[in-house]
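User: I would like to go through this model with you, one question at a time. Please reason briefly before you settle on each value or name.

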Amino acid sequence: MNDHAEAAEGAVGQLTIIATPIGNLDDLSPRAQRAIGAAALILVEDRRHAQRLFQHLGVQPKTLALHEHNERVLAPQIALRIAAGEHIALLSDAGMPLISDPGFPLLALLREQQLPVTIIPGPNAALSALALSGLPSDRFSFEGFLPAKGGARRTRILALQREPRSMIFYEAPHRISETLADMVELWGEDRGAALCRELTKVYEECLRDSLGGLAALLRAHPDKVRGEMTLVVGGAPEQTLEEADADRLLGPLLAELPLAQAVRIAANQSSMAHRFLYGRALALTSGRDPV
């Protein structure tokens, strides 16, 4: 039966999300290899990048570029093809599709239309770095890429100041030193961290240190500022009940008043010591816990 006959009889296809290697091509699972070979169409982020994987597998599938500039336009067309019976695969350049990669508009549409989607899991830089970091991994927050511009990046970092879970970031080599410097300033230099670079590749390296230690290491060894980078940072120390109460009281005051005036009002409205409140106010306004 040909494809047109299947479509006419109401056959429904499927989208298969396939995780691809983040460096070592041998990490592609046999199941993923079979799915790539069987798909009628492969959605790829970059055809040139995908070609390296296809050459490794010895296949030349039909591909369609799906990226941030065209995915909203192409999503309805792809959904129609799946509804008509086609089996289509989605790959990113490396790792798990949709994780800081294109694909969400398509998945949202397939969800809305209740069309079949399955997944073949595999390599992922974020989870690999977390496991290597030696930092708490029972609870974590994936933050992806921070904003490229300095002001927006610092605002986002400050918003994460009290995040208690380990945090995972993707960062470009030309911005990693600035990001570490911002984190040191806003979170303090002693926060535990790990910088994993070139995961699964020949020059894989995981640098485990404090934020301040990593920043100093990169200054001393600029040759390490290269390759794909994943940064894992330990969560904020758990606040005491008194600290949490002070921060709740000071927050609205500091948003409207100078620090000294906010502390004076907070001290008058509570039984907390002026010195303690002043320290919490400094922590809230500078982003760094008082020494």
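User: Which side chain does Arg280 join in a polar contact of 3.1 Å?

Analyst: This is a predicted model, and what follows should be read as computed from it. Arg280 is found in helix H12, which covers residues 274–286, and at 5% relative accessibility its side chain belongs to a residue that counts as buried. The side chain joined to Arg280 by the polar contact of 3.1 Å is that of Asp247.

User: Is Arg280 buried or exposed?

Analyst: The cut-off for buried is a relative accessible area under 20%. Arg280 has a relative accessibility of 5%, and therefore it counts as buried.

User: Which residue forms a salt bridge with Arg248, and how far apart are the closest N and O atoms?

Analyst: Helix H10 spans residues 241–256, and Arg248 and its partner Asp245 lie three residues apart in it, so they are separated by about one helical turn. Arg248 is exposed, with a relative accessible area of 55%, whereas Asp245 is partly exposed at 32%. The salt bridge is thus formed with Asp245, and the closest N and O atoms are 2.3 Å apart.

User: Why can side chains of this kind pair at all?

Analyst: Pairing is possible because side chains of opposite charge can come together when their charged atoms are close. In this structure, the number of salt bridges held is 15.

User: How many residues apart are Glu143 and Arg156, which form a salt bridge?

Analyst: The closest N and O atoms of Glu143 and Arg156 are 2.8 Å apart. Glu143 is buried, with a relative accessible area of 17%, while Arg156 is partly exposed, with a value of 35%. The pair links distant parts of the chain, since Glu143 sits in strand S6 (residues 140–145) and Arg156 in helix H7 (residues 150–159), and the separation is 13 residues.

User: Which two helices does the salt bridge between Arg153 and Glu178 link?

Analyst: The side chains of Arg153 and Glu178 meet at 3.4 Å, N to O. At 4% relative accessibility Arg153 counts as buried, whereas Glu178, at 45%, counts as partly exposed. The two residues are 25 residues apart and link distant parts of the chain, with Arg153 in helix H7 and Glu178 in helix H8.

User: Which residues are linked with Arg153 and Glu178 in a network of salt bridges?

Analyst: Arg153 and Glu178 do not stand as an isolated pair, as they belong to a network of salt bridges. The other residues linked in that network are Arg154, Asp182 and Glu185.

User: How many aromatic pairs are there, and what is the angle between the planes of Phe169 and Trp187?

Analyst: The count comes to three aromatic pairs. Phe169 and Trp187 form one that is 6.4 Å centre to centre, and this pair links distant parts of the chain, with Phe169 in strand S7 and Trp187 in helix H8 (residues 173–187), 18 residues apart. Both residues count as buried, Phe169 at 1% relative accessibility and Trp187 at 7%. The pair is classed as tilted, and the angle between its planes is 45 degrees.

User: Which residues do ring pairs link into a cluster?

Analyst: The cluster is defined by ring pairs, and its members include two phenylalanines and a tyrosine. The residues linked are Phe142, Phe145 and Tyr170.

User: Which element gives the most residues to the lining of the largest pocket?

Analyst: The largest pocket has a volume of about 760 Å³, and of the 32 residues that line it, the closest to its centre are Ile22, Asp93, Ala94, Gly95 and Glu228. By class, this lining has 16 nonpolar, eight polar and eight charged residues. Helix H3 (47–57), strand S7 (166–171) and strand S10 (229–233) each supply at least two lining residues. The element that gives the most, with four residues, is H3.

User: What is the volume of the largest cavity?

Analyst: The count comes to one cavity of 30 Å³ or more. The largest cavity is lined by Glu45, Leu66, Leu90, Leu91, Ser92, Pro97 and Pro102, and by class this lining has five nonpolar, one polar and one charged residues. Its volume is about 30 Å³.

Conventions. Residues numbered from 1 in each chain as written. Predicted model: local features only at pLDDT ≥ 70, side-chain atom pairs only at ≥ 80, totals over all residues. Heavy atoms only, no water. 1 Å grid on protein atoms, 1.4 Å probe; cavity = no way out; pocket = protein on both sides within 12 Å on 5 of 7 lines; lining within 4 Å. Points joined across faces, edges and corners; volume = space filled by probe spheres on them. Nonpolar A, V, L, I, M, F, W, Y, C, P; charged D, E, K, R; others polar. Phe/Tyr/Trp six-rings, centres within 6.5 Å; stacked < 30°, edge-to-face > 60°. Buried < 20%, exposed > 50% of the residue type's maximum accessible area, 1.4 Å probe, protein only. Salt bridge = Lys/Arg side-chain N within 4 Å of Asp/Glu carboxyl O. Polar contact = N/O pair within 3.5 Å; in protein donor to acceptor, adjacent residues only side chain to side chain.
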